[in-house]
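Trainee: Could you walk me through this one? I would like to go through it piece by piece.
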Amino acid sequence: MSCIHFLLLLFITGVFSNSDECATDTNPFIQIGGKHYFINTGVQISWIEAVHLCRTYNSDLATIVSVVEMDYLSSYLTTNGHTDKRFWTSGNDFVAEGKFMSLSTGRPMSYARWASGEPNSLKNAEDCVQLVAVNEIFYMNDVACNTGSYTICEKRMASEFQNGEEKCANVSPQCAVKKLQQIFTQMANIINSSG
Ligand SMILES: [Ca+2]
Ligand SMILES: [Ca+2]
């Protein structure tokens, strides 16, 4: 049975309509170039929320390390009609202003395609890096980390292709939103119980 048929069967049998629907949504990743990404266009969230979202999928915010990767991603996002959206990456300059690091690798960003005039750390309040389209090509821009933005998660290389699940396509953006809502609820409970 192909993956799509399996998913279709799950849908028909109502698995997706019950409260445990996310239990079946284990692989929203798609291959773009040499990497596997989860491009979440279901909800706009802050940078730290995006970090947590990716971690719930055993992945990390995307770290773009070459012009090839940037071109693949940019082309995909443009082709799929996302030029009106912005996407979080792992880049940030929390520790030292102007020194952009990848949260995912712990190392300085090895590649950047900054938009014209960026990074500008506007009002000295922009520490997180997102992708934004200019004339249908995506570039990087530093913005305030609490800005609402969509998310690109990147599958960790070492854990790739360890089972057949990797063949599944992007199945349910709604499920990611639901997961995130669960995380927020858990976080709110923790904060409430501690304060
Ligand atoms: Ca900054
Ligand atoms: Ca900026």
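Trainee: Which residue in β7 is the bridge partner of Val-132?
Mentor: Keeping in mind that this is a predicted model, the partner of Val-132 in β7 is Tyr-139. That bridge belongs to the pairing of strand β6, residues 128-134, with β7, which runs in the antiparallel sense over seven bridges.

Trainee: And how many residues sit between the strands in that hairpin?
Mentor: There are two residues between β6 and β7 in the hairpin, and Asn-135 there takes a positive phi, near 50°.

Trainee: Is β7 itself largely enclosed or open?
Mentor: Strand β7, residues 137-143, is largely enclosed by the rest of the structure, because five of its seven residues are buried. Two residues to look at are Asn-141, which is buried with a relative accessible area of 9%, and Asp-142, which is buried as well, at 1%.

Trainee: What do Asn-141 and Asp-142 coordinate?
Mentor: Both serve the calcium ion that is ligand 2, where Asn-141 gives its OD1 and Asp-142 gives both its O and an OD atom. The other donors are OE of Glu-118, OD1 of Asn-120 and OE of Glu-126, and the distances run from 2.3 to 2.4 Å.

Trainee: What's the geometry like at ligand 2?
Mentor: The site of that calcium ion is irregular, with angles of 67 to 147° among its six donor atoms. Along the chain, the donors of ligand 2 follow the spacing E-x1-N-x5-E-x14-N-D.

Trainee: Okay, and what are the protein donors of the other calcium ion, ligand 1?
Mentor: For ligand 1, Asp-93 is listed with two OD atoms and Glu-97 with two OE atoms, and they are joined by OG of Ser-121, the O atom of Glu-126 and an OD atom of Asp-127, with the donors lying 2.3 to 2.9 Å from the calcium ion. Their spacing along the chain reads D-x3-E-x23-S-x4-E-D. Glu-126 gives an OE atom to ligand 2 and its O atom to ligand 1, and both Glu-126 and Asp-127 are buried.

Trainee: Switching to salt bridges, how many are there in the whole structure?
Mentor: A search of the whole structure finds six. Asp-60 is a good place to begin, since this residue counts as buried at 16% relative accessibility and its side chain meets that of Arg-55 at 3.9 Å, N to O, and that of Arg-156 at 2.9 Å, N to O.

Trainee: What does the pair of Arg-156 and Asp-60 tie together?
Mentor: Arg-156 lies in the loop between β8 (149-155) and α4 (173-194), while Asp-60 is in strand β3, residues 59-61, so the pair ties together parts that are 96 residues apart in sequence. Arg-156 counts as partly exposed, at 29% relative accessibility.

Trainee: And which residue forms a salt bridge with Asp-71?
Mentor: That is Arg-113, with the closest N and O atoms 2.4 Å apart. Asp-71 lies in helix α3, residues 67-79, and Arg-113 in the loop between β5 (101-102) and β6, so this pair ties together parts 42 residues apart in sequence. Asp-71 counts as partly exposed at 38% relative accessibility, whereas Arg-113 is buried, with a relative accessible area of 14%. In addition, salt bridges that share partners join Lys-35, Glu-69 and Glu-154 into one network.

Trainee: New topic, then: which residues of helix α2 are buried?
Mentor: In α2, residues 47-56, the buried residues are Trp-47, Ala-50, Val-51, Leu-53 and Cys-54. They cover an arc of only 165° around the axis, and therefore they lie on the same side of α2. Following α2 there is Asn-58, whose phi is positive, near 50°.

Trainee: How far is Cys-54 from Asn-40?
Mentor: Their C-alpha atoms are separated by 9.6 Å, with the two residues 14 apart along the chain. Asn-40 is found in strand β2, residues 35-45, and is buried, with a relative accessible area of 0%.

Trainee: What does the side chain of Asn-40 reach?
Mentor: The side chain of Asn-40 reaches the backbone nitrogen of Gly-42 at 3.1 Å, and a polar atom of that side chain also lies 3.4 Å from the backbone nitrogen of Val-43.

Conventions
Residues are numbered from 1 along each chain as its sequence is written. Chains are lettered from A and ligands numbered from 1 in the order in which they are written. This is a predicted model: local features need pLDDT of at least 70, side-chain atom pairs count only at pLDDT 80 or more; totals for chains, interfaces and linings use all residues. Side-chain values use heavy atoms; hydrogens and water are left out. Donors are N, O and S atoms within 2.8 Å of the metal (3.2 Å for Na, K and Ca); water is not among the atoms, so sites may look incomplete. Four donors count as tetrahedral if all angles lie between 85 and 135 degrees; four count as square planar and six as octahedral if opposite donors are over 155 degrees apart and all others between 65 and 115; anything else is irregular. Buried means under 20% relative accessible area, exposed over 50%, partly exposed in between (1.4 Å probe, protein chains only). Helices (H or I, at least four residues) and strands (E, at least two) are DSSP runs, numbered from the N terminus. Two strands pair if DSSP finds at least two bridges between them. A salt bridge is a side-chain nitrogen of Lys or Arg within 4 Å of a carboxyl oxygen of Asp or Glu. The arc is that of the directions from the helix axis to the C-beta atoms. A polar contact is a pair of N or O atoms within 3.5 Å; within protein, one must be able to donate a hydrogen and the other to accept it, and residues adjacent in sequence count only if both atoms are side-chain atoms.
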